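Work through the following exercises with the sequence and the coordinates open beside you. Each task is followed by a solution that proceeds step by step.

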Amino acid sequence: MISQHELTRARSRLLQMHFESGVGHIGGNLSALDAMLMVFHEFLSEEDRFILSKGHSAGALYVSLWSVGRLQDEDLKQFHKDDTLLAGHPPAAGIPDIPFATGSLGHGLSLAAGTALGMRFNGSQARVICLTSDGEWQEGSTWEALIFAAHHKLSNLTVLVDHNELQGFGLTAEVASMSPLWQRWQGFEVDVEVIDGHDLIAIRTALQRQTDRPRFIALRTVKGRGVSFMENRMDSHYLPLTEMNFQIAMAELAQA
Ligand SMILES: [Mg+2]
């Protein structure tokens, strides 16, 4: 099992990377990071594919790749720089572990479902794990992908949803309510589960489970997880860290 020490190390590196680059989108990175670390540390084989549909959490993706040794510290220092591969959203090419450019929201699940069907055509035993935001479930293309995945019984597809109940402009329940999201999925022939998105054992158990249907796992998460003044705060979606807040956050993590 990935250790608490490694979780904290990754969280700290994420904050440092965002602070040094002066960019925000930190809250949604922190809510998704635990699940992404679990995926990269314990589940992905060379043949598997991970697709980050909520591309603005690219920082958590890069830090997860760094945590498992697929990116180096020098790479992370290029985050958000001119001409970098490590852009604010995942790049289209250049990093083998990142199969698609994403971040034009609402498209990642379609890419994942198509990739899963392609693997089946090729006789591959590999799997696709896709992580979406909850806000993306306000987009029609996401539901089309769910219909497609259910119709084709894509049991090699696992969908993790970072269900932090916040999005760029407010509570998801206030912007366009889909709550509770997992109840909407139950009308389709897919496997549905709801877990604590920060409980590593629960995440691992959910990812290990085998079914003959596509799996949709709602991760109950906290936006800004791990930094007290960012938790459940909408402004943690966009705002970068000030020098003072960066120091406070790092001190908090050091005590975690
Ligand atoms: Mg959200």
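**Exercise 1.** In this predicted model, determine which residue of β7 is the bridge partner of aspartate 196, and then establish how β6 and β7 pair and what unit they form with α9.

*Solution.* Step one is to look up the bridge partner of aspartate 196 in β7, which is arginine 220. Step two widens the view to the two strands, and here β6 and β7 are found to pair in the parallel sense over six bridges. Step three adds the helix, since β6, α9 and β7 together make a right-handed β-α-β unit. Helix α9, which covers residues 200-208, lies across β2, β3, β6 and β7 and runs at about 165° to β6.

**Exercise 2.** Identify the residues that stand opposite arginine 220 and leucine 219 on the β3 side of β7, and place both strands in the strand order of the sheet.

*Solution.* Begin with the pairing itself, in which strand β3 (residues 157-163) and strand β7 (residues 215-220) run in the parallel sense over six bridges. Within β7, arginine 220 stands opposite histidine 163, while leucine 219 is the bridge partner of aspartate 162. The strand order can then be written as β1-β2-β3-β7-β6, an open sheet of five strands with parallel pairing. The edge strands, each of which pairs on one side only, are β1 (49-52) and β6 (191-196). From one strand to the next the twist averages 20°. Helix α2 (residues 26-42) packs on this sheet, where it touches β1, β2 (128-133), β3 and β7, and its direction makes about 150° with that of β3.

**Exercise 3.** Explain why β7 is described as largely enclosed by the rest of the structure.

*Solution.* The criterion for a buried residue is a relative accessible area under 20%. Five of the six residues of β7 are buried, and therefore the strand is largely enclosed by the rest of the structure.

**Exercise 4.** Find the protein donors of the magnesium ion, describe their spacing in sequence, and decide whether threonine 172 is buried or exposed.

*Solution.* The protein donors are Asp134 (OD), Asn164 (OD1) and Leu166 (O), which lie 2.1 to 2.2 Å from the ion. Along the sequence the donor residues follow the spacing D-x29-N-x1-L. Asparagine 164 and leucine 166 are both buried. Threonine 172, a residue of helix α7 (residues 172-176), touches among others Asp134 and Leu166, as well as Gly135, Gln138 and Glu165. With a relative accessible area of 6%, threonine 172 is buried, because the limit for that class is under 20%.

**Exercise 5.** State how many residues the largest nonpolar core has, and which residues have the most contacts inside it.

*Solution.* The largest nonpolar core has 49 residues, and those with the most contacts inside it are Leu15, Phe50, Tyr62 and Leu160. Turning to the elements, those that give two or more residues to this core are α1 (4-21), α2, β1, α3 (58-67), β2, α9, β7 and α10 (243-254). The largest share, ten residues, comes from α2. Apart from this core lies another, of 26 residues, which includes Ile51, Leu117, Ala126 and Ala218. As a last step, inspect tyrosine 62, whose contacts beyond four places in sequence include Leu71, Phe79, His89, Pro90 and Ile98.

Conventions. Residues are numbered from 1 along each chain as its sequence is written. This is a predicted model: local features need pLDDT of at least 70, side-chain atom pairs count only at pLDDT 80 or more; totals for chains, interfaces and linings use all residues. Side-chain values use heavy atoms; hydrogens and water are left out. Two strands pair if DSSP finds at least two bridges between them. Helices (H or I, at least four residues) and strands (E, at least two) are DSSP runs, numbered from the N terminus. Axes are lines fitted to C-alpha atoms, for helices over the stretch in contact, and angles run from 0 to 180 degrees between N-to-C directions. Contact means heavy atoms within 4.5 Å. Donors are N, O and S atoms within 2.8 Å of the metal (3.2 Å for Na, K and Ca); water is not among the atoms, so sites may look incomplete. Buried means under 20% relative accessible area, exposed over 50%, partly exposed in between (1.4 Å probe, protein chains only). A crossover is right-handed if, with the strands pointing away from the viewer, the path from the first strand over the helix to the second runs clockwise. A nonpolar core is a set of buried Ala, Val, Leu, Ile, Met, Phe, Trp, Tyr and Cys residues joined through side-chain atoms within 4.5 Å.
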